[in-house]
Amino acid sequence: MTTAPTPVPTSPAATDLGGGAGASRTATTTTPTPRRRPLARLGGASWLATVPLLLFFLIGFGLPAVAIVIGAFTTSTDAEGGGGQFTFDNVTASVQGAYWTAMLSSLKLSALTALLATLIGLPIAQAVVTSRHTWLRQAVLTASGVLANFGGLPLAFAFVATLGNAGEVTKLLNLTDHGWSLYSFTGLTIVYLYFLIPLMVLTITPALDGLRVQWREAAQNNRATTAQYWRHVALPILLPSLLGGFVLLFGSAFAAYATAAAMVGATVPLVSRSIADALSGNVLVGQGNLALALSLNMIVVAVLVMAVYLPLQRRSARWLS
Amino acid sequence: MAQLTPARTDRTKVRWWRGAVLGIAAVYFVVPLAAAGYFSIDDPQGYSLEAYTGLLSAPGFLDSLWLTLGLAVVTVLVLLLLLVPALIAVRLGAPKLRPVIDVLCTLPLVVPPVALTAGLIGVLRWGPDYLMDTPFFQTFVFVQDPDFPVVLVIAYVLMGLPLAYRALDAGLRAVDVRTLVEAARNCGASWPRAVFTVVLPNLRGALLNASFLTLALVLGEFTAASILGYQPFPVWIYTVGNSQAHMSVAVSILSLLITWLLLLLLATLGRERHAKTTS
């Protein structure tokens with residue numbers, strides 16, 4: 001690339017301005033006045049450029065949000081006797097019976113898979129970070145990037161082909177005779193781990209990179225064992241990152257829909273699936289607003305998740321920058 | 001010297017442990033892919049590539065693929081057109097809006113795709129009731145056009161917003177936009193020229209990053225499309241899966257390969273840009 005004689009328009013600009021940036025930054029400290037003026041001129045109108053984004057957000061995100069809140073507390077328009085009256089029925093129904101079971105099952109699955117993925121992802125990330133082979137690190141991180149995005153349908157079908165009723169591994173090891181079923185809570189857990197572990201590796205690697213070698217050396221010089229180093233130095237520093245990662249995984253397992261929809265059908269009740277069913281009228285007609293109430297529950301859980309995640313992320317950034 | 005010996009045994013122990021961890025992980029992650037690959041060519045009479053060769057002639061394959069590609073391109077364009085001007089403006093002249101944009105672009109993370117879809121359906125249900133005789137009704141019809149469902153673009157833009165925002169914000173953080181624009185303006189460049197020939201080329205990596213992430217998102221998105229009742233590629237795979245298991249697995253493998261290629265392309269392009277700036 002460096003020998004290419006044709007100067008691409010980007011390269012002269014990039015090198016040129018790289019120098020320019022440094023030069024003017026030193027200039028600002030001495031003469032700040034000439035720097036301000038051109039920017040002040042554009043300052044008045046520049047916020048206009050944010051208007052399209054704000055408008056889109058208001059319509060595309062604001063209206064559905066309003067629809068969820070209003071819908072959750074009113075009667076369905078497709079139900080008998082018209083709709084639009086204020087009611088708590090949807091919300092109370094959404095935390096009872098089968099819907100509550102689905103919610104609990106979703107929470108249990110998300111918590112379990114996030115916990116397992118955190119516990120398994122940490123040693124993998126540590127193995128990669130401490131390895132001297134850069135190609136290994138590159139390969140694992142690239143693969144993690146792909147697999148973390150490999151959720152949804154392709155994942156479900158790959159596992160059906162592997163561990164499903166007619167799957168290759170199932171046939172090879174006669175797993176059905178041993179009572180194995182992919183279409184169960186355990187099966188779903190194994191499938192979810194397939195994209196959650198790589199996500200954990202990606203999330204925790206920067207934090208592990210941030211652990212200074214000096215800290216470990218200092219611990220060793222004080223005759224600390226590896227276990228003591230981890231117990232008293234590394235884990236306390238990593239804890240916010242680990243918890244943040246756990247919460248992130250929880251959220252992404254909780255929001256997942258496609259994998260479960262393609263795989264388990266109704267054997268494992270999940271809140272995302274019950275929303276889809278209520279929306280499509282699979283269960284009963286006139287439950288459109290019940291779906292909105294269920295969505296509201298889901299958003300409440302997700303908001304709680306983010307409320308835990310964001311401060312943790314900020315806290316871990318303080319140590320590991 | 002006494003300290004050197006335990007250190008060395010420690011290191012070999014660590015290496016053994018590392019190999020075991022990575023080995024087990026490799027088995028867990030490779031076996032399903034290999035098994036799926038084998039499954040897609042496995043045939044009672046031996047092996048057959050029919051699942052792959054039959055794809056093009058499969059009903060609905062090309063239609064759904066084109067629909068998905070069209071949606072992906074429009075989504076990427078809309079996202080960039082909304083985000084890039086806003087983010088550059090925030091850096092240049094409206095720093096007070098920055099936290100607002102930051103919160104707005106993170107908010108969609110809080111709403112799971114299923115809930116977002118439910119909300120969109122809720123809005124679409126309002127349409128006919130209240131706005132039957134107004135031009136708004138036409139908008140609702142247009143938004144739900146089965147040939148090109150704009151409502152899906154809206155959903156995808158919202159889902160892609162946090163990803164694209166993070167990518168672009170990281171890119172903008174690496175360059176000093178203020179100084180760049182100032183330098184260009186001082187050299188007599190017009191506003192559009194300063195943005196298009198100076199700022200955007202410097203953001204090439206970030207723009208590509210944001211585009212690829214969005215592209216990967218749209219190519220794999222199933223929830224909104226299936227609940228709203230459209231048939232882009234992922235929904236087509238699902239439909240095929242019910243009747244032809246081999247073909248659905250084959251397509252799944254292909255889609256994984258496509259994602260992989262996209263990410264590799266992204267990594268190479270990013271590295272190229274990096275090499276150019278450092279040289």
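**Exercise 1. Check the geometry of helix H7 of chain B.**

Task: how many of the residues of H7(B) are buried, and does "mostly covered" or "mostly open" fit this helix?

Solution. Start with the count: 19 of the 25 residues in H7(B) are buried, so "mostly covered" is the right call. Here, buried means under 20% relative accessible area, exposed means over 50%, and partly exposed is what lies in between (1.4 Å probe, protein chains only). Helices (H or I, at least four residues) and strands (E, at least two) are DSSP runs, numbered from the N terminus.

A quick note on the setup before going on. This is a predicted model, where local features need pLDDT of at least 70, side-chain atom pairs count only at pLDDT 80 or more, and totals for chains, interfaces and linings use all residues. Residues are numbered from 1 along each chain as its sequence is written, chains are lettered from A and ligands numbered from 1 in the order in which they are written, and side-chain values use heavy atoms, with hydrogens and water left out.

Next, the length. The expected span is 1.5 Å times one less than the number of residues. For residues 150–174 of chain B that gives 36 Å, and the end C-alpha atoms sit 34 Å apart, which agrees.

Last, the bend. H7(B) has a kink of about 45° at Leu161(B), shortly before the proline Pro162(B). The bend is the angle between axes fitted to the seven residues ending at a residue and the seven starting there.

**Exercise 2. Work through the salt bridge in H7(B).**

Task: which residues join Asp169(B) in one network of salt bridges?

Solution. A salt bridge is a side-chain nitrogen of Lys or Arg within 4 Å of a carboxyl oxygen of Asp or Glu. Asp169(B) and Arg173(B) pass that test at 2.6 Å, N to O. The two are four residues apart in helix H7 of chain B, so about one helical turn separates them. Asp169(B) is buried at 8% relative accessible area, while Arg173(B) counts as exposed at 57%. Through shared partners, salt bridges join Arg91(B), Asp169(B) and Arg173(B) into one network.

**Exercise 3. Find a salt bridge that links two helices of chain A.**

Task: what is the closest N and O distance between Asp209(A) and Arg137(A)?

Solution. The whole structure holds four salt bridges over all chains. One of them pairs Asp209(A) with Arg137(A), at 2.7 Å between the closest N and O atoms. Asp209(A) belongs to helix H9 (residues 185–210) and Arg137(A) to helix H6 (residues 134–148) of chain A, so the pair ties together parts 72 residues apart in sequence. Asp209(A) is partly exposed at 39%, and Arg137(A) is partly exposed at 24%.

**Exercise 4. Look at the surroundings of Ser252(B).**

Task: is Ser252(B) buried or exposed?

Solution. With a relative accessible area of 2%, Ser252(B) is buried. Ser252(B) lies in helix H13 (residues 245–278) of chain B. Leaving out residues up to four places away in sequence, Ser252(B) touches Phe150(A), Leu153(A), Pro154(A), Phe157(A) and Ile237(B). Contact means heavy atoms within 4.5 Å.

**Exercise 5. Sum up chain A.**

Task: how many helices and strands does chain A have?

Solution. Chain A has 14 helices and zero strands. Of its 321 residues, 48% count as buried. Among contacts in chain A with a separation of 6 or more, residues 24 or more positions apart account for 70%.
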